Every structure is written in structure tokens, then in C-alpha cells.
Amino acid sequence: MRIVMIGSGYVGLVSGACFADFGHDVVCVDKDDAKVGKLQAGGIPIYEPGLDALVAKNVAAGRLSFTTDLAGPVGEADVVFIGVGTPTRRGDGHADLSYVHGAAREIAAALKRFTVVVTKSTVPVGTGDEVERIIRETNPDADFAVASNPEFLREGAAIEDFKRPDRIVVGIEDERAREPMEAVYRPLYLNKSPVMFTSRRTSELIKYAANAFLAMKITFINEVADLCEKVGADVQEVSRGIGLDNRIGGKFLHAGPGYGGSCFPKDTLALVKTAQDHDSPLRLIETTVAVNDTRKRAMARKVVAALDGDVRGKTVAILGLTFKPNTDDMREAPSISIIQALQDAGATIRAYDPEGMEAARPMLGDVTYTRSAYDAADGAAAVVIVTEWDAFRALDLHRLKATMESPVMVDLRNIYNAAQVERAGLRYISVGRPS
Ligand code: UGA
């Protein structure tokens, strides 16, 4: 299959590289000259484990290339995926579809033969209809079908998620799109990944409903964690105890500082807006958004409480800045609100993150970035684990404590246990567990 991927951001680049690895011919298109130049020179603009090797292998095999020219490759493609960004629109919380619509216009002008145009970006219900309308209006002679094929990959595990998905969802209105879409995913049929064909609008909603449900699951366990602290129960045992019930499932029940990232915050908000617009409010998701928003600053108050209610003039070491491990992505990271709230309360911040410090710099004011977790802890009144990088899971706690001003660890990801930390002479505060 000849595939064109419009947009070489996270989803576009990972999907493009994985499709090429399946044996398809893939051209990734992006408007950003600098990004395309970097990719052509063998550089990868994002941090994602395994992606550099996958890209290099498929470029060398002649199956994957990068360009700023959209028209040439689209004219020869069997399937064109739109994988551009859909950020939150300023002011009203809706998804900003200007990049999707722009791509649709450019694709329309370049179509030469029957082509399936697929939205892979997360797009609100009805976007497929609009893309179809735009293409028809721009190029009345175009022969095409518009499909929806949302992506469910997680940052940090993107390649594995793409190649071994729990399911693939494809929404079509025109039967001519079925066979090309089956051909695109044929290698996964062999892996027995279920491919579900449905209507376009249903497919678009599945993506939002899935992310909203997961965000709600995390928020549920976070609130249960707060209750655990009040009643002297252990949230990790509660998670295990409920998660062993197959109807609930054990995943995404890890209590922490609240969800962040480029997807859950944006998608929950957009879904809430869509539901309100259709006079069919999703009250559970409205509450999820509100509870998660307040949680981040509440985590800062937890740190202040651990330091006897006063952090003025004290140094706090933050371990982990990115919204989760194995990424350099800082978007909506809980660390941002936590650090701001601690600074507002008068604390000085030293921070260390294995990959996120470069992206963090322009987002956070007045933070001292350090070369290691130990360096961050130097002179600190408390060490706060915000992101569960593997590098923080087996710290030499004696060494950490040695240079601290007061021996306090606040573990917002529950990666240690109290006995272990207290043995090293540190006070230990975690989330939803007896301290
Ligand atoms: C999420 C979904 O998991 C993917 O299926 C989806 O494709 C993607 O959004 C998207 O729409 O593109 P991602 O944002 O990369 O993926 O990261 P997750 O692993 O889902 O984590 C999101 C946030 O939830 C992180 O801040 C993480 O720390 C938090 N989280 C996750 C918890 O606090 N507890 C958990 O048990 C799980």
C-alpha cells in the first residue's frame, strides 16, 4: 500500500514508522521545514523509546521518507492519513480543527485517483462529515472516501501499543474504504488484534469515550486514595482488590497526582463541550475534569503539610517533571501546577528529570535544574517524587538523605514503601496509604 501521513508529530511519526515496518510505502509530510530537515538527517524530534531505530531501519529499507511536499505523494497514495494536531481552542474548550480542515483542503487539491482519506487525529464527532464536505467543495471531481481510524497508543509505549493493539477501530460510510483499510492493517490481523468496522461517527466517539473513561477511572481511584488516608486504608490494596474483578480490571487504577499529558485533559474537555452542545451533558466527565484540576494544587498542599505547614525559605527537590515516564512531554504535567503552588507558598525549587528539563525550562519560572536526583536533594527540606521514572525507583536513600536539610520524602507515585524509606531515616508520605 502507498500511504501518506500528514503531520509528523507524535501520532503521525509513530504510525508512519510502524506502517513502514509492516512493509507499506510511507511518506510522512509536515509543514515544518526544520522538523522535516531533522528527520531527513536521521534525527527524531521527540523522545520515544525505540523510535529512532525503527525510523532508521525503514528509511534505510527505502520504505519511509519525509517531505514538506504534500501534493506529489498524495496524488499517488492509496490511503492518506491526517495526523495533525487538534489542540484545545482558546476560549471555549472545543478542539481546534483548523489544521485538520487545512489538510483536507490541500489533500483535495492533490487527489488524482481513488483515495481513502482517514482522520487519525483525535477529532470530534462529525469531523469526518466536514472533511468530506471540504474535499468535495475544493475538488468536485475528486474520487475519494473519508474514514475515521482513531489511534490508541500511549506515549512511552507507542510502538508496542501500535503493533500489538487491544483493538483497531475503523469508521466508514463508503464501502469502498473497507478493503484498503483492511490491507493497511493486514499484518495486525495475523497478530489476532480485533479490527472493528463501524460507522464514522461511532468511531469518532469511541476514541473520546475511551479516553474519558480512563481519565474517570484514574480520578476515581485518586478520590478513593484521599478517603483511604482519612480512614486508614491502603489504596494500592484497594486497587488490587477491585481490579481483580474482571468487570473492573486492574489497569489505570494507580493513584497519583492527577492525570496530565497531551490527550486526557484536552479530550475530556472537548467531549464535555460536545455533550453540552447536544444538550446531553456527561456529568461524570464534567466532574472528572474539575476533580483532576484541583488535585494538582492539592498535591502541593500535601508537601506543605509534610513540612509542618510552612515552606517559606525552604528548598523542595522535585524528582520528575514530565507528565509520565519515558517521554520528554511536559504538556499538562502535574509538576507545573505543583511547582507553581509551592513557589507561591514561598519555596525554592530544585528539579531533576531524565528527559524533560529542556521542555520544562520555558514553562517553569525560577527553577534550578540539576544533574541527578541526588544533586536535586542537596540542601532540600523535602524530596518530592512527581513522575515515576525507573531511575527513581532504586535510589540510594542514605546518600539522598545525607545532603538534605530535613529528611522528608513525599512520594506522589507510591513507588516506595514506608518501611524501606523509614529504615534509611527519612519520613515518608505517599498517596492513599497509611503513613
Ligand atoms: C492516553 C491513552 O492511554 C492512550 O490510549 C491514547 O491513545 C492517548 O492518551 C491519546 O489519546 O493519544 P497518554 O496520554 O500517552 O495516553 O498516557 P497515559 O499512559 O494514558 O497516561 C495519562 C496520564 O494518566 C498520565 O499523567 C499518567 O501519569 C496518568 N495515570 C495513568 C495515572 O495517574 N494513573 C494510572 O493508573 C494511569
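A residue is near a molecule or strand if its C-beta atom, placed from the backbone, lies within 6 Å of it. This is a predicted model: local features need pLDDT of at least 70, side-chain atom pairs count only at pLDDT 80 or more, and totals for chains, interfaces and linings use all residues. Residue numbers start from 1 along each chain, as its sequence is written.

**View 1. The shell around the ligand.** The ligand has 21 residues around it. Glu155, His254, Tyr259, Gly261 and Cys263 come nearest. By class, the shell holds 10 nonpolar, 6 polar and 5 charged residues. Ala, Val, Leu, Ile, Met, Phe, Trp, Tyr, Cys and Pro count as nonpolar, Asp, Glu, Lys and Arg as charged, and the others, Gly among them, as polar.

**View 2. Where the shell comes from.** Domain 1 (2–198) and domain 2 (233–435) each give at least three residues to the shell around the ligand. These bounds come from an automatic or database domain assignment. α9 (200–231) and α11 (264–277) each supply at least two shell residues. α9 gives the most, with 3 residues. Helices are DSSP runs (H or I, at least four residues), numbered from the N terminus.

**View 3. α9 against α11.** The two helices, α9 and α11, pack at an angle of about 115°, with axes 9 Å apart. Axes are lines fitted to C-alpha atoms over the stretch in contact, and angles run from 0 to 180 degrees between N-to-C directions. α9 and α11 are therefore roughly perpendicular (65 to 115 degrees). Tyr208, Asn211, Ala212 and Ala215 of α9 meet Phe264, Asp267, Thr268, Ala270 and Leu271 of α11. Contact requires C-beta atoms, placed from the backbone, within 7 Å. By class, this contact has 6 nonpolar, 2 polar and 1 charged residues.

Methods:
Angles under 35 degrees count as roughly parallel, over 145 as roughly antiparallel, 65 to 115 as roughly perpendicular and the rest as oblique. Two residues are in contact if their C-beta atoms, placed from the backbone, lie within 7 Å.
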